[in-house]
There are 2 protein chains.
Amino acid sequence: MSSPRHPQRPAAHELERYAGLFASRTRAMKSSAMRDLMAITERPEVISLAGGLPDTSTFPAESFAAIMAKVAVDNCAAALQYGPTEGLLIAKDAIRRVMAAEGTEVDPEDILVTTGGQQVIDLVCKTLIDPGDVIVAEAPTYPGAIPAFCSYQADVVQIEMDADGMPIDVLEETLDSLEREGRRPKFIYTIPNFQNPGGVTMSLPRRKRLVEVAAEREILVLEDNPYGLLRYEGEPLPTLMSLAGGEYIIYLGTFSKILSAGLRLGWAVAPAPVLAKMNMGKQGADLCSSSLTQHFVAQYFAEGRWEPYLQSLRQLYRGRRDTLLGALAEHFPAEATWTQPQGGLFVWATLPEYLDTTDLLARALQRNVAFVPGRGAYLDGRGAASMRLNFSGVSDAEIREGVRRIGEVIGEQVELFGTLTGSRPAAAAPAAPAPDAELADVLQLPRTPRPGAQRSDGRR
Amino acid sequence: MSSPRHPQRPAAHELERYAGLFASRTRAMKSSAMRDLMAITERPEVISLAGGLPDTSTFPAESFAAIMAKVAVDNCAAALQYGPTEGLLIAKDAIRRVMAAEGTEVDPEDILVTTGGQQVIDLVCKTLIDPGDVIVAEAPTYPGAIPAFCSYQADVVQIEMDADGMPIDVLEETLDSLEREGRRPKFIYTIPNFQNPGGVTMSLPRRKRLVEVAAEREILVLEDNPYGLLRYEGEPLPTLMSLAGGEYIIYLGTFSKILSAGLRLGWAVAPAPVLAKMNMGKQGADLCSSSLTQHFVAQYFAEGRWEPYLQSLRQLYRGRRDTLLGALAEHFPAEATWTQPQGGLFVWATLPEYLDTTDLLARALQRNVAFVPGRGAYLDGRGAASMRLNFSGVSDAEIREGVRRIGEVIGEQVELFGTLTGSRPAAAAPAAPAPDAELADVLQLPRTPRPGAQRSDGRR
């Protein structure tokens, strides 16, 4: 190619040349804070508590090779070939077993195998969302859902959670108020178990009520459940899908956190008419998911290794969660609060409200440590004082050292503002330094909170 | 789940319950004729000339196992982990080598690794197409592109090809006429080499002129090139991307036809501002492509096996193409015509115009043989007398027997209509039998051609 071109930073004249051809949705498109951080934090010297990475280092290489050797002998040509859009039956059988382990029986006919759980979010939006349609989500919500919601130009209304997840009475008030404006949300997006990024779990009474509300009001619920089998304490709770008998529920599952994210295999279970449209949407999007990785999953499940491996992940992550909670107690200031997740991969920490975690991140990166700034989990600029911390993809030693460094940065900021009493610094306080603004730009984080919207109900 | 639900045939009351929640795009969504046929033709007794399947049976199982064993030893944890959205550098290096083999130099920075070539089509639409925007495509066009175009509610204008591909003078007239209506197409979609389904190749003068037209009129060209390296005779022609120096060209490549479709790995090369938006679109769609299959590709290329394997595919497919052309000469009626592809996977055959290949397919399936009816390659009901025949995924014996059976069905129809003179049957001719209508429904083929639009310019 004669002209040097760099996708990361297109030149202004080049942008101008093509911008006139862009669809209007590109103006609403956003990068995910996580994805952008991934590029920044891939330097080996950085301790990243920003990722949502499973620890794949404990998967035995000899198992991987043995599984693949068996696929080679039994199914080489099929693994290298196209498959049906809905997925291979052998993969659906593994999915059926994973869902049964959470008490949810499902017919293979009702499953669509997808290219990761992310594709389910995309296909649900494709099937349901016209520009301006309302999606109700939790606050904070999964940062990776935001680019999908934005690219379909949805209007996302976020409902602040408490320690029991989304409060359904607040949801109902919100739905009432939307109804008065003549607006019915197309779906309610929730991660009931060990929410990403909140770390909280929806209580059983709320689950039961949510399912009733969905049926009463004829609104779909997208139940995103990547972590349900990663519970480290307490009793498992039934899925919304099992409580609802499938009606008005779209279930999202994935192998990313219980086996491997590199397979890019997830699935949807949905009412037949919705699933049929999602299947059509998938045909246009990528024809079918990888036969090779579906055969890997099938062989892995055939060998009965999945439950012991899952058990080993639970043990590993439980220990790391405890390390993280211990390190937070040691290194974070007394004014900080954080969630106590019973499972999953994340803790959500909230600092005194005069601190801005996007600014903190810039300083933290100078010390080679990263987290996801809270604003990446909101669409309206809220979350500025919070951060998501991952404990699954990092060793105990890294967690301790990472939290120590973040605590140090926080301590310096608290001291700088002379706010041991917790009072907010005056408007004349030092402005955020230039590199921080650039970082917020790279991260595409909203920088201007809606007036009055910032954590105004004090629920967290 | 308590309620039995079947995605293939949702009950009417169920459809009604959810239809009110669907996005308006779902009304435009279409299944691909190929994809639906895949479900019908997966019975082992069916000889399917309908697929676009590479022959994966010649890929040595011991190579597959050896590649995976090496990935296990060197990169197990990384292969099971998330990767960057733009793709792994090791995969981009393989892509660079594939493109160099067609004389197209490319910077890894300019590549986006995608989940198959299909995802490139989807992301290009996502980046460029608002509902009602015009896409110019060839006639016939790739049946798998149609679901993507439709789900973005594009208005697709198809330009009839001749033996040298899309006639650029007709393209320019079409662009002029659109301009008079105040409409500028967002992109021109072309498969210059061994077009799917047409089997024809765009001549060098037309390539040069197309690149000029795109730059003059500031319209992007989506150059879809899955088969460029599968040439069986004649001299290779330069890619549009190499002729244009990258400007106004989005290049689509894939490993599906030169290595494996089951990997679901393709790529885009595009001007930086366009690639940046496609990257954002991919984040929302599936986060990243499979690390596992990217590692497979990297290891495969590291071992230097790709060129000898490609050479073996060329030999295999050349022979099958010759078998197909020979069988057509033997079994198809004298009034039929077909293309003589110099490469790729497909022959496009056109029967006397009073025959309808959708009806023929129903009869052919009763004899356990399948092809893609021509209407699956048009958006406006044209193509009723044509069919796409694949020769890559079937043995010589199957090709001969399959074509013999199709020829038999055609012969019966020709005889039935008493049209040895080629005259069109009267309106009172027997109606298409019920099962055929059902098939057209399953295939979602348009049944009512626009008046006067059917192959009116006589170019094919």
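**Conventions**

Copies are superposed by least squares on the C-alpha atoms of residues with pLDDT of at least 70 in both. The model is predicted: local features need pLDDT of at least 70 and side-chain atom pairs count only at pLDDT 80 or more, while totals for chains, interfaces and linings use all residues. Residues are numbered from 1 along each chain as its sequence is written, and chains are lettered from A and ligands numbered from 1 in the order in which they are written.

**Exercise 1.** Determine which rotation superposes chain B on chain A, and which residue of chain B comes closest to the rotation axis.

*Solution.*
1. Chain B is superposed on chain A by a rotation of 180° with 0.0 Å of shift along its axis, at an RMSD of 0.0 Å.
2. The two copies are therefore related as by a two-fold rotation axis.
3. B:Met68 comes closest to that axis among the residues of chain B, its C-alpha lying at 3.2 Å.

**Exercise 2.** Describe the side of chain B that touches chain A, by elements and by residue class.

*Solution.*
1. With contact defined as C-beta atoms, placed from the backbone, within 7 Å, 90 residues of chain B are in contact with 90 residues of chain A.
2. The elements of chain B that give two or more residues to this side include α4 (61-79), α6 (116-128) and α11 (272-286); helices are DSSP runs (H or I, at least four residues) and strands likewise (E, at least two), numbered from the N terminus.
3. The largest share, 13 residues, comes from α11(B).
4. By class, this side of chain B divides into 45 nonpolar, 30 polar and 15 charged residues. Ala, Val, Leu, Ile, Met, Phe, Trp, Tyr, Cys and Pro count as nonpolar, Asp, Glu, Lys and Arg as charged, and the others, Gly among them, as polar.

**Exercise 3.** Establish which residues of α8(A) are buried and which are exposed.

*Solution.*
1. Helix α8 of chain A (residues 168-180) has 13 residues and reaches 18 Å from its first C-alpha to its last, close to the 18 Å expected, that is, 1.5 Å times one less than its number of residues.
2. A residue is buried if 20 or more other C-beta atoms, placed from the backbone, lie within 10 Å of its own, exposed if 12 or fewer, and partly exposed in between.
3. A:Ile168, A:Leu171 and A:Leu175 are the buried residues.
4. They cover an arc of only 50° around the axis, which puts them on the same side of α8(A); the arc is that of the directions from the helix axis to the C-beta atoms.
5. On the other side of α8(A), the exposed residues are A:Asp169, A:Glu173, A:Asp176, A:Ser177 and A:Arg180.
6. The buried residues pack against β3 (134-139), β4 (155-160) and α9 (204-217) of chain A.

Terms used. Contact = placed C-beta atoms within 7 Å.
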